[in-house]
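Got your viewer open? Let's take a short walk through this model, one selection at a time.

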Amino acid sequence: MGDSQYSFSLTTFSPSGKLVQIEHALTAVGSGQTSLGIKAANGVVIATEKKLPSILVDESSVQKMQTLTPNIGVVYSGMGPDFRVLVRKSRKQAEQYHRLYKEPIPVTQLVRETAAVMQEFTQSGGVRPFGVSLLVAGFDDKGPQLYQVDPSGSYFSWKASAMGKNVSNAKTFLEKRYTDDMELDDAVHTAILTLKEGFEGQISSKNIEIGIIGADKKFRVLSPAEIDDYLAEVE
Amino acid sequence: MSRGSGGGYDRHITIFSPEGRLFQVEYAFKAVKASGITSIGVRGKDSVCVVTQKKVPDKLLDQRSVTHLFPITKYLGLLATGMTADARTLVQQARNEAAEFRFRYGYEMPVDVLSKWIADKSQIYTQHAYMRPLGVVAMVLGIDDEYGPRLYKCDPAGHYFGHKATSAGLKEQEAINFLEKKMKNDPLLTYEETVQTAISALQSVLQEDFKATEIEVGVVRKENPIFRVLTTEEIDENLTAISERD
């Protein structure tokens, strides 16, 4: 990967043993728009702010939440262009798995392979780490799952997590509100309330995106009308 | 041999700075402004229009060879604001990609697919040290079979969005402010209104009245989805219409 002139890693250890490029990548994530995910008893919800740089931008042309397979969805905080690269690679890996085993890829496997890609970019020659953290929401035979993957390539399974600008407030809020036996609908309400906590300006169906996956194992992004309904219920 | 792990190299190649920024990408944006021209794009109800300044720095230059407006296919146009050499590379690759797409899949490459391809290529330059980002902001326009008139803007960072109206170049922010006011209530502009909004926005922001030879205008219309550069006469008609209107 990369030209021969750059066949040395740009991410190298500092004297104190840190990989500073990864730390800087995490800073880039921390200045991105807030996103969060909550695992309920019967599904997973992921949500994100969708603040566009101008009212002239056609918001119907922008979708931050992406489907990796019919039963796995993903959202990010950080650099949009880097996210597109990861989505493309993950989709391909899921498809290759399916071609080989004639089965949909389990969530853990897809997360592991995506994380491996992110780790490669912290060690290969001539490249920088990805400036995104991912929240992967899926539902397979093992039930509903929520994973967070960081620029370093490390990943953990979460009951609820947040990333981006408002991460500490959001996580505190989630810690208070989370219960193990939450239903998917309650989780959506909690997600909206959490986003609202740090939201600058008026929250509406045009400046947030919500994706859910329920027992039907189909990930889908909610339409603005559905988000409006949930917002009304929360008021 | 250069080592890049902070230590000053975050300004030379696209690695992260301590604040999590990519300086090379930010400098690429500055290079776009340094070209000294401003461009504007407006999407109407059934047409898209892009306008840019045509500055010919030397009277001895052949004016016809000075252009920032390029047809990519018969139906897709690209307005490149910024470094002309980088623009020509981008246009060449885009033309190749669009032609291969048509051959491979049997239908014309849609506007958003081309924009995504350009943006994904730009992202690679922000992540791999061996190539610098291009100092070009590309506005892609065309009529989509399903969605109608489309205007996309792709920048050196790898972002791409669909726009109702947008601007790039030296007076980008002033132009966007002007356009936000004009497009606030989502007006459905006719073809003439689209062209005249774009030209008058440029005139207002640069605070000068143009001659027809000082600007380039490109359009696509639903009734005639071929990308066309307006002739000097047509530009003149629109300029006259604008000055009579005011």
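Before you select anything, here is one term you'll want: buried area is the accessible area, for a 1.4 Å probe, that two parts lose on being put together, summed over both. Keep in mind too that this is a predicted model.

**Stop 1: the interface**

Colour chain A and chain B separately and look at where they meet. Between them, chain A and chain B bury about 3,200 Å², and 59% of that is on carbon and sulfur atoms. On the chain A side, pick out Leu56(A), Arg84(A) and Arg128(A): these lose the most area to chain B, together 24% of what that side buries. If you'd rather select by contact, you should get 38 residues of chain A touching 41 residues of chain B.

Now switch on polar contacts across the interface of chain A and chain B; the rule finds 14 residue pairs, both partners at pLDDT 80 or more. For a sense of which elements are involved, show helix H1 (20-30) and helix H2 (80-101) of chain A, as each supplies at least two residues of the side that touches chain B. Colour that side of chain A by class and you'll see 20 nonpolar, 11 polar and 7 charged residues.

**Stop 2: a salt bridge between chains**

Side chains of opposite charge can pair when their charged atoms come close. Over all chains, the structure holds 21 salt bridges, and the count between chain A and chain B is 4. Which residue of chain B does Asp58(A) meet in a salt bridge? Select Arg43(B): the two side chains come together at 2.9 Å, N to O. Trace the pair back along each chain, and Asp58(A) turns out to sit in the loop between strand E2 (43-49) and strand E3 (66-69) of chain A, while Arg43(B) belongs to strand E1 (residues 38-43) of chain B.

**Stop 3: the second largest pocket**

Next, put up a surface and go to the second largest pocket, which holds about 400 Å³ of space. It has 16 lining residues, and the ones to select are those closest to its centre: Ile55(A), Val57(A), Glu59(A), Lys206(A) and Lys164(B). What classes of residue line this pocket? The lining divides into 5 nonpolar, 3 polar and 8 charged residues.

**Stop 4: the cavities**

How many cavities of 30 Å³ or more does a search of the whole structure find? There are 2.

Start with the largest cavity, at about 70 Å³. Select Leu90(B), Ile118(B), Ser122(B), Leu134(B), Val136(B), Ala138(B), Cys154(B), Asp155(B) and Pro156(B) to show its lining. Helix H3 (111-127) and strand E5 (136-144) of chain B each give at least two residues to that lining. By class, the lining comes to 7 nonpolar, 1 polar and 1 charged.

Then hop over to the second largest cavity, with a volume of about 50 Å³. Its lining includes Leu68(A), Val74(A), Phe83(A), Leu110(A) and Val136(A). In chain A, H2, helix H3 (107-120) and strand E5 (132-140) each supply at least two lining residues, with the largest share, 4 residues, coming from H2(A). Here the class split is 9 nonpolar, 2 polar and no charged residues.

One last thing to try: keep H2 of chain A selected as you zoom out. Helix H2 (80-101) contributes to the side of chain A that touches chain B, and H2(A) also helps line the second largest cavity.

Key. Residues are numbered from 1 along each chain as its sequence is written. Chains are lettered from A and ligands numbered from 1 in the order in which they are written. Side-chain values use heavy atoms; hydrogens and water are left out. Contact means heavy atoms within 4.5 Å. A polar contact is a pair of N or O atoms within 3.5 Å; within protein, one must be able to donate a hydrogen and the other to accept it, and residues adjacent in sequence count only if both atoms are side-chain atoms. Ala, Val, Leu, Ile, Met, Phe, Trp, Tyr, Cys and Pro count as nonpolar, Asp, Glu, Lys and Arg as charged, and the others, Gly among them, as polar. On a 1 Å grid over the protein atoms alone, a cavity is a set of points where a 1.4 Å probe fits but cannot get out, and a pocket is an open set with protein on both sides within 12 Å along at least five of seven lines; lining residues have an atom within 4 Å of a point. Grid points are joined across faces, edges and corners, and a volume is the space filled by probe spheres set on the points.
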